[in-house]
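Trainee: I would like to learn how to read the features of a protein model, going slowly from single contacts up to the whole fold. Could we look at one together?

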Amino acid sequence: MAMIELGAGVTGAAVGVLAAEFSRTRRRGLPAYGWAGLVILAVAEVMMFRGIEPVARYFTPIAWTAYILVADAAVLAIRGRSRLASAPRRFAGLAFLSLPLWLTFEVYNLRLQNWTYVGVPNGWPEALLGYAWAFATIWPAILETADLVEAFGWFRKARPIEL
């Protein structure tokens, strides 16, 4: 129980920092799909902790999808442009490309055995849906996070190294 409380505390602190930065840097309000992402994430959290299926089984891709919506909407509100809103076809291509990119790490893990998946559906169609959906969110989430951190202005752009 202490780890759940610690995780909730860290999550709360992170949400507080992100909300403060969003309030400080935004030019407009959060678009509707960002609010939808927040609602999806909150509802999915409750359903996951209560073990309600299929949300409990597919919580990871649901949560990452919701995060992507929130992060992209925040970037749009700050910059006036974002990956999903400004180039939805390219964003879909990135999600599709994320599958083979992440499968590369899975191939390495066959030898390294650094991680395992818990709670994966037993049936192949359900398992493949979960894996594909989860893997499709990885690279978009990474790049959305980078966009959000950059939009907050937390780091200065580095000068190119001249050789």
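Mentor: Gladly, and please keep in mind from the start that this is a predicted model. Let us begin with one residue and its surroundings: once neighbours within four places in sequence are set aside, Ala-73 is in contact with Leu-30, Pro-31, Tyr-33 and Gly-34.

Trainee: Which residues make up the largest nonpolar core?

Mentor: A core of this kind is a set of buried nonpolar residues joined through side-chain atoms within 4.5 Å. Here the largest one has 11 residues in all, and Ala-73 belongs to it together with Phe-22, Leu-30, Ala-71, Ala-74, Val-75, Ala-77, Ile-78, Leu-148, Ala-151 and Phe-152. The elements that give two or more residues to this core are H3 and H6, and H3 gives the most, with 6 residues. There is also a second, separate core of 6 residues, including Ala-44, Tyr-58, Phe-59 and Ala-63.

Trainee: How do the axes of helix H3 and helix H6 cross, and at what angle?

Mentor: To read such a pair, one looks at the distance between the axes and then at the angle. The axes of helix H3, residues 59-79, and helix H6, residues 124-152, come within 8 Å and cross at roughly 25 degrees. Angles under 35 degrees count as roughly parallel, and H3 and H6 are therefore roughly parallel to each other. Their crossing is left-handed, and the contact of H3 with H6 has 16 nonpolar, 4 polar and 5 charged residues.

Trainee: Does Ala-134 count as buried or exposed, and why?

Mentor: Burial is judged by relative accessible area, and a residue under 20% is called buried. Ala-134, whose place is in helix H6, counts as buried because its relative accessibility is 17%. It is also useful to compare sequence with space: Ala-134 and Phe-59 are 75 residues apart in sequence, while their C-alpha atoms are 9.3 Å apart.

Trainee: How many helices and strands are there in the protein?

Mentor: For the overall picture one counts the elements and then reads their order. The protein has 6 helices and 0 strands, which along the sequence gives the pattern α-α-α-α-α-α. Its C-alpha trace spans about 45 × 45 × 35 Å along the principal axes, and buried residues make up 30% of its 163 residues. Finally, among contacts with a separation of 6 or more, 74% are between residues 24 or more positions apart.

Note on methods: Residues numbered from 1 in each chain as written. Predicted model: local features only at pLDDT ≥ 70, side-chain atom pairs only at ≥ 80, totals over all residues. Heavy atoms only, no water. Axes fitted to C-alpha atoms, helices over the stretch in contact; angles between N-to-C directions. Helix = DSSP H or I, 4+ residues; strand = E, 2+ residues; numbered from the N terminus. Parallel < 35°, antiparallel > 145°, perpendicular 65-115°, else oblique. Left-handed = near helix turned anticlockwise from the far one by under 90°. Nonpolar A, V, L, I, M, F, W, Y, C, P; charged D, E, K, R; others polar. Buried < 20%, exposed > 50% of the residue type's maximum accessible area, 1.4 Å probe, protein only. Contact = heavy atoms within 4.5 Å.
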